[in-house]
Every structure is written in C-alpha cells, then in structure tokens.
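Biologist: I am new to this one, so could you show it to me and let me ask how you know things?
Modeller: Gladly, here it is.
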Amino acid sequence: MATTLNPSEISELIRTRIEKVKLAAEARNEGTIVSVSDGIVRIHGLADVMSGEMIELPPAPNGTSTFALALNLERDSVGAVVLGEYEHLREGDTVKTTGRILEVPVGRGLLGRVVDALGNPIDGKGPIAAQQTSPIEKVAPGVIWRKSVSQPVQTGYKSVDSMIPIGRGQRELIIGDRQTGKTALAVDTIINQKSSGVKCIYVAIGQKQSSIANVVRKLEEFGALDHTIIVAASASESAAMQYIAPYSGCAMGEYFRDIGEDALIIYDDLTKQAWAYRQISLLLKRPPGREAYPGDVFYLHSRLLERAARVNEEYVEKHTKGAVKGKTGSLTALPVIETQAGDVSAFVPTNVISITDGQIFLETDLFNAGIRPAVNAGISVSRVGGAAQTKIVKKLSGGVKLALAQYRELAAFAQFASDLDAATRAQLERGQRVTELMKQKQYAPLSIAQLAISLYAAEKGYLDDLPIAKILPFEQALHAHFAANFGDWVKAANDKADWNDAIEATLKKGIEEFKKTGSW
Amino acid sequence: MSEPLTLARPYARAAFETARAHNALAAWSGSLAFAAQAMGDARVRSLAGDPRLSHAELVGLLLPPGESADSAFAAFLSLLVENRRVDLTAEIAALFEELKRESERTIRVTLRSASAIPADRADAIKAALKKRFAREIELEQRIDPGVIGGAVIDAGDVVIDGSVRGRLERLQSALAQ
C-alpha cells in the first residue's frame, strides 16, 4: 500500500476513540439464546428490548461484532434476525441490548464506493470517509415539509423523457419480466446524471455478484461511478441483509435530500426484497397470507417509497440548522419489480404499482421484436412527471404521444394497408416511424437538445418520406449536423430548455438544411 | 410448537394460586424444588415415559419424603403425569419461584466480584439496589476471578456491569470498529 503510517495521527485517533467510550458502570438488559436456526435466533430474557432494536451477540471468531435485529417480541422470547454470519452462535450464549436502532454511514465519502447493506466497504478501496451515520428506518417528511414535483430527471431515453417524464422527488416504477432491460434503463439513467448534479444510489438486492460487478464496471467505464453509491446485498448474502439493503440505501439518499441536493435511488429489485422478507417472516413463524407473504408486506414497500420526496426550503433550512437556505431537496425513487410471465396482478406488483406515482412497463414481446427500450407506451404512465417536463420537451412530445396512441388503435388494420384511405394510411406510417424513432441503444443517453431535434423532426413530418430502416441513421446524422453547425443553439437548449418562435425557427432551418444537403 | 416456558406457565400459576390459598407457599416451593431435582436425574427422567411404571408409582418417586400421597401437591403431580407434562417440572418450579418472589416483592440478585466483598460494602450495595428496584433484595455473592476488578450485579434481565472486564470489552469493541 502506498499510504504510510503516521504514528501521531494513529495514536491521536485511538485517543479520541478511547475518550468517546463511556466507561462508567453500565446497566444493560441481558438475555440468553434459546435457539439458532436459519439466521433466526430466539432469545430468552431481554425484558426491555424494543422492536427493531439492535441486539449485540457474541463476536465472530475473527473478532468482528455480530448484531441481530429484534423483530418479534413475544411473551417468553424475542425473535431476532442475525445480520451476517450466525454459525458461531450457540444455545446459551449471552446477548445484550444496545438501545440503538441500526445505523449506516452517510455522506459524500460514500460516493464512488460499493458498500454492503450495513455500509461496510466491499470494493477494497479502504475505509469509508463518512463522518455521519443515520438510522436506516426513518419516518418520511410530513405534508407541510413537502413541495410539488417541478424539476425533471432526464433519463436520456427518448421514449421515457418524452412520454413518461420523471420529476425530481417522484417514485416511478420500472416493471417487466426478466430480460426486458429494467436494469439497463436504471443504469443509463445513472449515466445520464453525470452533468445534472443528481447523486445516484444503486441498491442491488438478491442479484448475482457477477451482475453487480457488471453494473459497477459499466458505471466506471462511463465515468458515472463518481456520483454514485452502490449498496449491494447479493443473492449469497443472508435474507436479513437483502431485507435491510433498500432502507440503508434510502438513508444514504436522504442525506443528500436533507441538505438541499437532488438524489436518485434505484431499488433493483423490490421483488427479491419481498422474498427475503417473506423468508424472514416465515422463519419467525408469523402467519402467512396471500402468496405466503406476511400481512405487512404492503407497509414494507410503502414506508420505503414514502421517503422519496421533494422537500421545501424550510425543511432543508431546519434540517441543516440554517446552513443551507433557499434550496429544495429531493430523493427520486425508481423501484424495479420483476414480474413472472407478465403477471402484473400478482401481490407485490399490484402493491408497488399502487404506491408509486406511475410505472414504466417493459415487455418481452416488444423486446424480442427489436423495440428497445421495450417500453409499452400504452400502459406506462407518469402521474406527476408532466409538471416537471422542460418547456421544450413538453411542447414537442405531445405529437409523438398522439401519433403512437393512434397507431396502436389502427395497428390491427395494418395488414389491409392497400385498402385503407389516405388519412388512415398516413397515421399508420407516422406511427411506424415514431415507433422506430423511439428505439435507442444502451449507454447512449440523449441530451435535451438532441431529444428536441428528434421529436420536432417526427412531429413536423420530416421523417415521413424516409424508409423506416433509415430513420435511426438519419437521426444520428441530424444530431451530428446540429452539433457541428448550431453549437450555440444546442447549448442554449440544453441549459435553458426554453421554447419560443426563434428557437423553433432555428430548429426548422437546421432540419431543412440537413435534409437538402446532408447524407445518412 | 410452543416453548417449554409457555407450556409451564399455566401449571405454575395454578400451583401458585393453590399454594397461596392454603397459605403454604414455602412448603410448595420446597416440594417443587425436590420434584424438579428428582426429574433432573437422568435415571428418573428415563422412567417418565416408561409404560411399566404406573402413574401413581411415578408420582411416588417425585413426591418428597413425608408428603402424603393424597395431599394437594400429590394431586398436582399426578395431573402433570397424566397430561404428560412431567418433563416441565423444572420450568414450573422456576416460574413458581418467580411468582413467589413477585408476591413477596423480593428480587434475587447475584453479585459477582473478583474477591470477597466486605459485609458493610455488600450491605451498602444491597441498600442501593433496594432503592433502585423497589424490592427486597436476596443477595447472593459469588467469587469470579474473570471479573478482574469491580463487580457485576445480575438481577435477572438487568445487568449492572461495573467490572474491569466489562470496561475492557467495551474498549475493545470501540477500537475494533
């Protein structure tokens, strides 16, 4: 290692730590382990334990302390779930209450790091430089501290930003079967926040270690890791870790929200968290309900997603004790739900659909038909994002929404193409072109200006005379043309995202000029 | 599956109510302790489920000497045997003691220290604990060199740790973090 030991610094550190330890006689509550099984311990005693409190267990052989989370308080015993390894625990071991609930480190020091559900670094880059900790379970800000969603989160996806816009502080569900591009959408959204100042938290729950490593590598490759925290509870970790990981990630995101910044958190995915919680609940012998989930599985997700919010200036000022004035904070949540064979009426999907402010449906059929991102524009909605759309995108996206809606109605008639009247045929043609235009490669997010150019070209019919296969090459060349010849316009559109006649005139001029002279 | 303690509770409560009604708490406590100790013996325990042994004979085994076979305690034991809950005798005895102490407003406290504590010091501790728990204190002293220094007061769930070992452990966990 390149770091050199600095003796004075270390003894200083030790001294401050020793000073922090309270060495007066302590009164504590003790109990004994009655049984250990599948990560669940039953404890006799502990009369004063609180629900959700951390219980200190005997340390592991390598000296790391072990904790459990008290979940079931019964007459003769306490049911607790062990956080981490439990092989060293024995019947008869003494345990004690801590009087604390679980906390994780929060702060800027976590950016660019990969941590586990307890906030311990697992990326081999050394200790986390975080001065603060925060409890993982917190009550969401109340109504008086909230503010309406009015600023956009640009995902960089044409189809999402134009038709299903997401606002800062919104909860937008990404739902679809396996292999439909849910994680791709989430990762691209993170990559697109490079210049927006939005801090991102990616919570991986119950995923393969290799998938997590892939996400980390991609984020690093596209320079997006510096504004991102990755909380990983992989499939090999205990159900308890998978259960608490979203709450840990949320606490890390709330830090940014509460100091008047914007953050985006992705829970990938909440289905697996519900499975982990179901496992814990069944082992704790809580009565099973629908699909064997416990009775409080709705609350499991609602209390988590309720913490995603846009808070007003007063909240931020109060929270920072006046250090930050006149800034609003937000935490946007993009929960991911994996459906089984497109069944959105299963228990967990319906719950999360009802909690969130809209959903992006990704469909296997569309994905296999080559429409990627496989967004089903018909049943995807955003209930609050419209208010947050930038002026330019809002003005231009109406046309594509309408064109696609009409296309869907008429699509069934497409096979009678020759027998249709001219108007219907025109609508079909337009619909096919817009559908083609909405296709987009992974890791290629679009800026606002690029989005505006594409949407304007589609709405004003500049694509109508192109063969469908040429639409994407045309779009790409058009973007390049604007970047080369209308740099100022592009910059203004990206920065201000305004809309007026002059802006439209330039847009029109640029596209017409390109259609005459350009090649694609 | 319920825990032994949960199963034992109604028996202990019933035994306690009976004993209190007959004003024989101490006698019942002694008898229960005897039965529990007898059941603690592996040889007796192996007989508990033996079909060659009649219920009355098993009750006779557990009955303390001098207790008549038609006493209330004998009836209680035969009820346990009939319900196949005789294994729970130890839990019942412990719960009975708890109830008895609760009714007498006393609490059993274990004081562990590295060396013997002088009587005046022990009395001071006892007085302080009496104030804290608002109960009469049954103090039991134990010498435990592992404590190193200071003392640990153990009153059921509540443990007051003023030992050198406890402090060292806390220091260790604070530094290891």
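Biologist: Which residue follows helix 7 of chain B, and what is the sign of its phi?
Modeller: B:Ala134 follows helix 7 of chain B, and its phi is positive, near 55°. This is a predicted model, where local features need pLDDT of at least 70, side-chain atom pairs count only at pLDDT 80 or more, and totals for chains, interfaces and linings use all residues. Residues are numbered from 1 along each chain as its sequence is written, with chains lettered from A and ligands numbered from 1 in the order in which they are written.

Biologist: What makes the span of helix 7 of chain B agree with expectation?
Modeller: A helix is a DSSP run of H or I with at least four residues, a strand a run of E with at least two, numbered from the N terminus. The expected span is 1.5 Å times one less than the number of residues. The 15 residues of helix 7 of chain B should therefore span 21 Å, and the end C-alpha atoms are 21 Å apart, which agrees.

Biologist: How do you know that strand 1 and strand 2 of chain B pair?
Modeller: Pairing needs at least two bridges found by DSSP. Strand 1 (residues 106–113) and strand 2 (residues 136–143) of chain B have eight, in the parallel sense, so they pair. B:Leu111 stands opposite B:Gln141 in strand 2 of chain B.

Biologist: What makes strand 1 of chain A and strand 4 of chain B a pair?
Modeller: Four bridges join them, running antiparallel, so the requirement of at least two is met. A:Ala27 stands opposite B:Ile160 in strand 4 of chain B.
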